[in-house]
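Subject: The structure you asked for

Hi,

Here is the structure I promised to pass on. Have a look at it first, then read my notes below with it open beside you.

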Amino acid sequence: MRPILEVCELKKTFPITSGMFRKSAGVLKAVDGVDLAILPNETLGLVGESGCGKTTLSKMILALEEPDSGSIRFEGVDVVRARGSSLSQVRRGIQVVFQDPFGSLNPRRKIGSIIEEPMIIHREGARTQRAKRVRELLEMVGLHEDILPRYPHEFSGGQRQRICIARALAVNPRLLICDEPVSALDVSIQAQVINLLVELQKELKLSYLFISHNLSVVGYISHRVAVMYKGRIVELADAPALFENPLHPYTGCLMDAVPEARPRKSPAFRPQRRGGDQDSSGLSSGCAYRAWCPRAGGICAQEPPLLQEKGKGHFVACHLADPQG
């Protein structure tokens with residue numbers, strides 16, 4: 001099956017400045033050679049700590065940031081070089097649900113106007129057709145058309161996020177980028193929104209790039225999961241395989257850090273800096289995680305590990321990964 005989205009060797013750096021005169025102090029590698037593919041009707045979960053490059057990657061896929069190098073292809077269209085009608089086609093096909101449902105809705109516009117706006121921008125249908133589509137979208141996300149003349153401040157966080165989802169679906173996208181879509185919501189509301197996304201995917205044949213810190217949510221909604229560290233994908237596998245047998249030490253550390261409601265074992269492992277190593281952000285060669293890795297060896301300081309298949313569909317960037325656990 002041909003992927004709906006293909007990302008190849010994508011790189012993005014930002015300059016680091018210091019002092020009153022903003023003197024150059026180097027560059028930050030936000031995304032450093034990422035390869036990804038998302039299949040039709042698939043959810044790819046993307047996890048990693050804050051600052052690892054997840055949002056920067058999503059912005060480049062949305063054509064909001066221009067990469068330094070690499071390629072992004074959406075349904076065969078080169079996103080990086082797309083201009084005019086081609087770029088409009090990409091932006092219709094890829095929509096986004098933001099993390100903050102309070103900040104992503106214009107407080108001065110009514111709900112009906114907010115949901116209709118993407119259709120106006122992309123010149124879809126007459127006014128009566130758009131009005132009908134807005135009502136259909138509200139019903140699809142579990143809201144009543146009575147809310148159309150109301151303003152965003154009149155709704156709870158969960159209702160606002162449903163409105164954001166309705167707006168994202170207005171132009172019939174094929175890929176939805178969900179950037180921490182439930183992290184600002186109460187736990188009970190999180191479950192409702194996640195179940196809504198699952199139902200919409202089945203009904204509308206959508207693909208998702210689901211970005212989150214919450215491993216439980218990612219494990220529930222994702223078909224495959226990619227783990228990102230310092231701008232690189234360090235592990236990629238089917239969700240069940242990754243959670244049952246994480247091969248990269250960073251993935252294992254992320255899972256150990258998840259608190260348990262009724263812990264029955266000793267506290268989770270906390271990685272310690274290895275003596276003599278620099279901060280991992282300043283490592284110029286080798287594996288970026290070696291300063292924290294409990295099993296780092298000599299080769300880890302010499303060569304950066306490549307993302308290689310260690311099991312069926314299970315890829316990991318680690319010199320010392322053991323598929324047998």
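Let's start at Leu 46, which is buried, with a relative accessible area of 0%. Bear in mind that this is a predicted model. Leu 46 belongs to strand E3. Which residues does Leu 46 touch, leaving aside those up to four places away in sequence? The list is Lys 54, Leu 57, Leu 209, Phe 210, Ile 211, Ser 212, Ala 226, Met 228 and Ile 233. If you want a feel for distances, try going from Leu 46 to His 122: they are 76 residues apart along the chain, and 29 Å separates their C-alpha atoms.

Stay in strand E3, which runs over residues 43-47, and go to Thr 43. Is Thr 43 buried or exposed? Thr 43 counts as buried because its relative accessible area is 0%, and the cut-off for buried is under 20%. The Thr 43 side chain makes a polar contact with the side chain of Gln 201, at 2.9 Å. Not counting residues up to four places away in sequence, Thr 43 touches Gln 201, Tyr 208, Phe 210, Ile 221, Ser 222, His 223 and Arg 224. Phe 210 is worth a click, as it is touched by Thr 43 and also by Leu 46.

Next, find Ile 177 in strand E7, residues 175-179. Ile 177 is buried too, with a relative accessible area of 0%. Among the residues it touches, not counting those up to four places away in sequence, are Ser 58, Ile 61, Leu 62, Leu 209 and Ile 211. Ile 177 also touches Ile 94, Gln 95, Val 96 and Val 97. Leu 209 and Ile 211 may ring a bell, since Leu 46 touches them as well. Between Ile 177 and Ser 222 there are 13 Å in space, C-alpha to C-alpha, and 45 residues in sequence.

Now zoom out. How many helices and strands does the protein have? There are 10 helices and 12 strands. The C-alpha atoms fill a box of roughly 70 × 50 × 50 Å along the principal axes. The radius of gyration is 21 Å, which agrees with the value near 20 Å that a compact globule of 325 residues would have. Buried residues make up 45% of those 325 residues. Of the contacts with a separation of 6 or more, 63% are between residues 24 or more positions apart.

One helix to look at is H3, residues 111-121. Its buried residues are Ile 111, Gly 112, Ile 114, Ile 115, Glu 116, Pro 118 and Met 119. An α-helix has 3.6 residues a turn, so residues three or four places apart point the same way. What covers the buried residues of H3 includes helix H4 (127-140) and helix H5 (157-169). After H3 comes Arg 123, with a positive phi near 55°.

Then there are the empty spaces. The second largest pocket holds about 460 Å³. It is lined by 18 residues, and those closest to its centre are Arg 91, Ile 94, Gln 95, Val 96 and His 122. Helix H2 (85-93), strand E6 (94-97), H3 and H5 each give two or more residues to this lining, and H2 has the largest share with 4 residues. By class, the pocket lining has 11 nonpolar, 4 polar and 3 charged residues.

The whole structure also has 2 cavities of 30 Å³ or more. The largest cavity has about 80 Å³ of space. Of the 14 residues lining it, His 248, Cys 287, Cys 293, Cys 300 and Cys 318 are the closest to its centre. The lining of the largest cavity divides into 10 nonpolar, 2 polar and 2 charged residues.

The second largest cavity has a volume of about 30 Å³. Its lining residues are Val 47, Leu 215, Val 225, Val 227, Leu 242, Thr 251, Leu 254 and Met 255. Strand E9 (224-229) and helix H9 (249-256) each give two or more of them, and H9 gives the most, with 3 residues. This lining has 7 nonpolar residues, 1 polar and no charged.

Happy browsing!

Notes: Residues are numbered from 1 along each chain as its sequence is written. Side-chain values use heavy atoms; hydrogens and water are left out. On a 1 Å grid over the protein atoms alone, a cavity is a set of points where a 1.4 Å probe fits but cannot get out, and a pocket is an open set with protein on both sides within 12 Å along at least five of seven lines; lining residues have an atom within 4 Å of a point. Grid points are joined across faces, edges and corners, and a volume is the space filled by probe spheres set on the points. Ala, Val, Leu, Ile, Met, Phe, Trp, Tyr, Cys and Pro count as nonpolar, Asp, Glu, Lys and Arg as charged, and the others, Gly among them, as polar. Buried means under 20% relative accessible area, exposed over 50%, partly exposed in between (1.4 Å probe, protein chains only). Contact means heavy atoms within 4.5 Å. A polar contact is a pair of N or O atoms within 3.5 Å; within protein, one must be able to donate a hydrogen and the other to accept it, and residues adjacent in sequence count only if both atoms are side-chain atoms. The radius of gyration is taken over C-alpha atoms; the globule rule is 2.2 Å times the number of residues to the power 0.38.
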